[in-house]
Amino acid sequence: MSIGAVLAQLRPDFPEVTISKIRFLESEGLVHPARTPSGYRQFSPADVERLRFVLAAQRDHYLPLKVIKEQLDALDRGVRPGGPSPRPPRGLVAVEGLPGPDSFSCSGEVRLTREELLADSGVDEGLLSELEQYGLVRPGASGFYDGDAAAVARTVRAMTAFGIEPRHLRAYRAAADREVGLLAQIVTPLARQRDPDARARAEEVVRELAALSVALHTLLVKTGLRGAIGG
């Protein structure tokens, strides 16, 4: 089948997948479609299942492509994974509840007014003003808020029940900005390459690095707290 037909099959289960991403996964050696004499890709049902495996491993277990490729190579050799779905190998720990790479895809679908954000998040005007003061929530250039802003507001609202105030969370904003700067240094050169699939490759790297960054942060905090309370 053509790459367009493959996209149509995958989209219901993986809405974020694009033709560029399928081409990128091919360039990384995760799928090997045949080619017609004129150079068009021809995917088999096995190729589609292979793509499903890759996309599910990213979405459900935020595995890097290198690890997924190793698992696929093992399957090609007849070695079955230890369970019905891909599992992180020893040393790459999946932290329950953390977002996978697809959570970091850009989606401008949600546009909330200030009043809608207040209603959606349950915060009051005073708390929202503090969140904006300390840079935790920011409206876009058009003045609207996105779904992530609402999620941040809900999260901080839950934290206030433990006596934490927005001013206490300035370090989170500063740390996030430093991480963004670090990841941008890695990804920007990729996005500027002349390769037509360079942007898709850069977006894929962003998703993987961002998910791994969140996992590392969570594990470091978990380890630190265990030491602090003598666990």
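This is a short tour of a predicted model, with selections to make one after another in the viewer.

Begin with the largest nonpolar core, which holds 24 residues; to find its middle, select Leu-10, Ile-22, Leu-25, Leu-51 and Ile-68, the residues with the most contacts inside it. Now colour helix H1 (3-10), helix H2 (19-27), helix H3 (45-61) and helix H4 (65-76), the elements that each give two or more residues to this core. Among them, H3 gives the most, with seven residues.

Centre next on Leu-51 and display its surroundings: leaving out residues up to four places away in sequence, Leu-51 touches Val-6, Leu-10, Ile-22, Leu-25, Val-31 and Phe-43. A second, separate core of 16 residues can be selected afterwards, including Val-123, Leu-131, Ala-149 and Ala-153.

Return to helix H2 and select Glu-26, which is found there. Glu-26 counts as buried because its relative accessibility is 17%, and the cut-off for that term is under 20%. Show the side chains of Arg-35 and Arg-41 as well: a polar contact of 3.2 Å joins Glu-26 to Arg-35, and another of 2.4 Å joins Glu-26 to Arg-41. Beyond four places in sequence, Glu-26 touches Val-31 and Pro-33 in addition to these two arginines.

For the last stop, select Glu-125 in helix H6 (residues 125-133). Glu-125 is partly exposed, with a relative accessible area of 38%, and, its neighbours within four places in sequence aside, is in contact with Arg-114 and Leu-118. A distance drawn between the C-alpha atoms of Glu-125 and Arg-114 should read 9.1 Å, for two residues 11 apart in sequence.

Technical notes: Residues numbered from 1 in each chain as written. Predicted model: local features only at pLDDT ≥ 70, side-chain atom pairs only at ≥ 80, totals over all residues. Heavy atoms only, no water. Core = buried A, V, L, I, M, F, W, Y, C linked by side-chain atoms within 4.5 Å. Buried < 20%, exposed > 50% of the residue type's maximum accessible area, 1.4 Å probe, protein only. Helix = DSSP H or I, 4+ residues; strand = E, 2+ residues; numbered from the N terminus. Contact = heavy atoms within 4.5 Å. Polar contact = N/O pair within 3.5 Å; in protein donor to acceptor, adjacent residues only side chain to side chain.
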